[in-house]
Amino acid sequence: MITWMQKHRKYLVVTIWVSTIAFVGAGFVGWGAYDLNASRASSVAKVGHRNISIQEFQNRYGQLHAYYSQLFDGQLSDENASELGIENLALEALVNDAMLLNFADDLGLGVNDEDIVKYIIADQNFHSNGKFDKELYKNTLKRARTTESEYEESLKNVILLDKLRHALNLPANAQDIDMLTASFLMQDKISIKVVEANADEIKIDEDALKKLWEEHKNEYKTMTEFKLDTKFIPAISSDANTNELTEFYNENKNEYKGSDDKIKEFEAVKDEVLKDYNLKQTKKVALEEYLKIKKDEKQADVSVSTFEDNASLPMDELKLAKKGDTLKPFEYEDGYMIVKVKEIVAPRVMSFDEAKEQILELYKEQKTKEIVEAKAKELLEKGFQGTDIGFVSRDTVKAEGGLSEGEFNIFVNRLFEKGGKKGYVVLGDKAVVYEITEQKLTNSEKEKEYKEIITQNVGFLKNNELIRDLTAMLSKRYQVTNYYTKK
């Protein structure tokens, strides 16, 4: 943990807030059907005198969905999202923000145009060659499908919350720093023994396997199937002259940067510019075809069937589409593709035979854990002769005792989360049984090395607690009214 913190100092604020409210990413994700009161069609809730708009709700849901999707390796299903209650988390987070915004209003804090300009200019995402690049700013927003005015309006609440947190900031004191230093830099001298489960120890019980499937069958569903009519428009080969290509390059030069983030000269990317120019001309043709297909004046000529894991298609749009919808042209291979939705086959629960291979993996995982835990507990009861690996701290990185660096890192972090002199940590198909034989604080050099990072984190932790307590208090001051019910 400390090693990671040292490498990523400038991201510490973000990290703390991610761990607290899990706001990562952005964008719209379908979040189910909601019955909104027609008289409040633009809002999902009201807190004090502030409304929470549907767009804010969609954006926050998208942020949370993107975060949890990363945790699920990009395989977050609608059912998983529902079980996690992401829409409730999104609304709760927005309500908490709205309470703080009401409080900021009551304190007389505000945001002006100068604040917004300063915030945008300071954002490194819009910098080129170390300076704010207005064209990069415009193109970035264009790719995100938002306007400058929409983005700048959305910043007002962000900046106001930032002002409030700075106004309430609690500095770290020496006692707090000493406590966290002791926690992070404590060293344990340990001996360990690794136990594993042998393959022949795992016996497959067919009845137990079926029972496990019954318990988890709703987690094993077929993928959504899309039956589509498609029309592919291959890239045209234009006879554009140098002047036309140069003009196109000048209009889009921020798209032609090297690894050093510098814009490449026209001659160096001439072939790439021609390809992009041709694609732009192809898009015009594709849009004409799209309108004809949408109006049923022309038919998409190739029928295909595909599943939701097809990364070559715009699945986010397809998941929001209905039968009969026609998607706008999108880049596909060396051209553009138009898709008309003929049928959407919803996921269904797999039969036991269909899910058997996946259930078997879960069964083996559970049995492996049972076996290694039983062996670990037996060693702790009877006593064991472990390998002395010396002193370790939270930032110790090494391969030791039959563990890879990654496994050892996980073990050490869990070790420092546990209490007691002896114990065990399960790592997949193995368990590490340990005994702490001695403890000491790290040397003064390490204290100096991590002093700045620890001081920052003390401040972050204290202020997170302050915001949490303040929000709880404000919930009694500002009335919250919900305008929706989930169908």
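Visitor: Why are H3 and H5 called oblique to each other?

Guide: This is a predicted model, and in it the axes of helix H3 (residues 54–71) and helix H5 (residues 86–107) cross at roughly 125°. Angles from 65 to 115 degrees count as roughly perpendicular, and those over 145 as roughly antiparallel. Roughly 125° falls in neither band, so the pair is oblique.

Visitor: How far apart are the axes of H3 and H5, and what is the hand of their crossing?

Guide: They come within 9 Å, and the crossing is right-handed.

Visitor: Which residues make that contact, and what makes them nonpolar, polar or charged?

Guide: On the H3 side you'll find Glu56, Phe57, Arg60, Tyr61, Leu64, His65 and Tyr68. They meet Ile86, Glu87, Leu89, Ala90, Leu91, Ala93, Leu94 and Asp97 of H5. The split is 10 nonpolar, one polar and four charged. Tyr goes with the nonpolar group here, while Asp, Glu, Lys and Arg count as charged, so Glu56, Arg60, Glu87 and Asp97 are the charged ones.

Visitor: On to the sheet. What makes S8 and S9 edge strands?

Guide: The open sheet has four strands in the order S8-S7-S10-S9, paired antiparallel. Strand S8 (302–307) and strand S9 (326–331) have a single partner strand each, so one side of each has no neighbour in the sheet. From one strand to the next, the twist averages 35°.

Visitor: How do you know that S9 and S10 pair?

Guide: Pairing takes at least two bridges. Four join S9 to strand S10 (residues 335–345), so the two qualify as a pair. They run antiparallel, and Thr326 has Lys340 in S10 as its bridge partner.

Visitor: Which helix packs on this sheet, and which strands does it touch?

Guide: That's helix H12 (residues 270–294), which touches strand S7 (225–234), S9 and S10. The direction of H12 makes about 30° with that of S10.

Visitor: Why does Asn129 count as exposed rather than buried?

Guide: Exposed means over 50% relative accessible area, and buried means under 20%. Asn129 sits at 54%, so it counts as exposed. You'll find Asn129 in the loop between strand S4 (127–128) and strand S5 (131–132).

Visitor: What is phi at Asn129, and where does Asp296 lie?

Guide: Phi of Asn129 is near 55°, a positive value in a residue that isn't glycine. Asp296, not a glycine either, has a positive phi of about 65°. Asp296 belongs to the loop between H12 and S8.

Note on methods:
Residues are numbered from 1 along each chain as its sequence is written. This is a predicted model: local features need pLDDT of at least 70, side-chain atom pairs count only at pLDDT 80 or more; totals for chains, interfaces and linings use all residues. Side-chain values use heavy atoms; hydrogens and water are left out. Axes are lines fitted to C-alpha atoms, for helices over the stretch in contact, and angles run from 0 to 180 degrees between N-to-C directions. Angles under 35 degrees count as roughly parallel, over 145 as roughly antiparallel, 65 to 115 as roughly perpendicular and the rest as oblique. A crossing is left-handed if the near helix is turned anticlockwise from the far one by less than a right angle, and right-handed if clockwise. Contact means heavy atoms within 4.5 Å. Buried means under 20% relative accessible area, exposed over 50%, partly exposed in between (1.4 Å probe, protein chains only).
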